[in-house]
Amino acid sequence: MALDELADWRKSHYTKDITQEFIDKEVILGGWVRNFRDLGGLKFINLQDKYGERQITLKKGVVSDEIFDKAKLGYQYCIMVKGKVKRFDKAPGGIEIIPSKLKILNKTPEKLPIDMTGETNSELDLRLNNRALDLRSLRSQAIFEIRAEVLKSIRNFLLERDFTEITTPKIIGSATEGGTELFPIMYFDKEAFLTQSAQLYKEQLSGVYERVFEISPCFRAEKSRTKRHLCEIFTLDLEMAFADMNDVLKILEEMVHNVIKDIRKNKMPALKILKMDNKTIVPEIPLPRYTYDEILDLITKEFKINVEWGEDISTEAYRKLGEEITGYYYITHWPMLIKPFYIQPSKDPKYSESFDLQMGWLELTSGGTRVHNKEKLIEALEEKGLNPISFESHLNAFGFGMPPHAGFGLGIARWITFLCGLDDIRESVMYPRTPDRLTP
Ligand code: AMO
């Protein structure tokens, strides 16, 4: 079968635009065949575009024989339809389109590698292998609609509060988080690295624009094969000058509250597709706050899991913690021993002015008050076994009146995983990168 040309056809609307007000009007829709039924003298096509779907109805005798015979379609064929909008209560949205013309722009193999009708769940790796197709599914569409809403809501929230959106380099000359987990690259004839976080630059820019944020990719060369780790992550990095950890805790919990309110307000259909409409609840703020010591007490005394003071909390302990504390909460004042050089020690220097935002067992964010005194920052680097010379250009910025500042980094994919009720973080990223996955 020869394919049709696009020629001068253009969509008049998206499926979402076609409401009852369009009854008897002519429209041109374009998209993919999500489903079709052939009942002999009657054919139904579910045409799907980026926003949803509409039913195209072809009844022998009502539409021309030419178009009736042409409508031999396969799943995910790319089509355009010109037709009249009619009321039909049994169709989705109470509307059907009676076509006068049909263009078949592209075809698919008879058997698709994954189920696109939503009737069965294909295995995630198979879906990821065929991601451009999989992303058209209603489930994937719902996930990425929610992701878009989260990003929009974060931006609106921060821009309204005097934050400036910054962009910082992703190719760097030395480690930002100090030490391991860097991807080396060749930068002409020199070795360079992909950035692990916007940490150093956002700190420097807090000394310029006072309140800054960036939503950008960072790269973690960890060989962690878990359902919550990626090698290319996307983080919200925020930094505030003339502020300490308490100001950051406040702005972060307000932002979380606001984002979830926006999702509930604007993305209820997507939440329903994901069966998260009753589970995505706006948290009350202020969020509960626990110190590291309090959490350690709970883990060792109540759960009887052995964690030495000064150690990170194990996955097993986090899992148990998530059963006990189900919502969002902060863990503050971590041992300085396990925090990076840029974090400010507390009055008792065993502890630090740092925090994590947790959602049940999952860590979403870490942050804290930073060291802004240049001499102290040099000492802190040395204490962590890092060479201040490698950080020379960063340290320079601290010689020019760096204000006290604090901030956080939030893993967008981890948050989406939770908000959409996903089992595996890879589903929350369009093209995930893990130790085992570099394509598509
Ligand atoms: P951290 O390294 O804790 O802090 O990263 C911040 C947040 O990013 C997410 N995250 C990840 N998500 C998926 N896969 C990974 N491999 C991964 N690693 C981290 C987590 C985490 O909480 N510069 C500091 C932040 C700051 O202090 O401002 C930083 O990068 O959700």
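Two strands count as paired if DSSP finds at least two bridges between them. With that in mind, let's walk through this predicted model.

**A three-stranded sheet**

Strand 8 and strand 9 (residues 190-194) pair in the antiparallel sense over 5 bridges, and Pro184 stands opposite Phe193 of strand 9. These strands belong to an open sheet of 3 strands, ordered 7-9-8 with antiparallel pairing. Strand 7 (171-172) and strand 8 (183-187) are at the edges with a single partner strand each, so one side of each has no neighbour in the sheet.

**An enclosed strand**

Turn next to strand 14 (residues 354-359): 6 of its 6 residues are buried, so the strand is largely enclosed by the rest of the structure. Both of its faces are covered, with Ser354, Asp356 and Gln358 buried on one side and Phe355, Leu357 and Met359 buried on the other. Its antiparallel pairings are set out here.

| Strand pair | Bridges | One residue pair |
|---|---|---|
| strand 13 (residues 328-332) and strand 14 | 5 bridges | Thr332 and Phe355 |
| strand 14 and strand 15 (residues 362-369) | 6 bridges | Gln358 and Glu363 |

The hairpin of strand 14 and strand 15 has 2 residues between the strands, and Gly360 takes a positive phi near 55° there.

**A charged patch**

Finally, let's visit the surface. Glu375, Glu379, Glu382 and Glu383 form a negative patch there. Glu383 is part of helix 10 (residues 374-383). Is Glu383 buried or exposed? Glu383 counts as exposed because its relative accessibility is 69%, and exposed means over 50%.

Terms used:
Residues are numbered from 1 along each chain as its sequence is written. This is a predicted model: local features need pLDDT of at least 70, side-chain atom pairs count only at pLDDT 80 or more; totals for chains, interfaces and linings use all residues. Side-chain values use heavy atoms; hydrogens and water are left out. Patches are made of residues with over 30% relative accessible area and no salt bridge: like charges are joined within 9 Å, nonpolar side chains (Val, Leu, Ile, Met, Phe, Trp, Tyr) within 5 Å. Accessible areas come from the Shrake-Rupley method with a 1.4 Å probe; for residues, only the protein chains shown count as cover. A salt bridge is a side-chain nitrogen of Lys or Arg within 4 Å of a carboxyl oxygen of Asp or Glu. Lys and Arg count as positive and Asp and Glu as negative; His and the chain ends are not counted. The place of a charge is taken as NZ of Lys, CZ of Arg, CG of Asp or CD of Glu. Helices (H or I, at least four residues) and strands (E, at least two) are DSSP runs, numbered from the N terminus. Buried means under 20% relative accessible area, exposed over 50%, partly exposed in between (1.4 Å probe, protein chains only).
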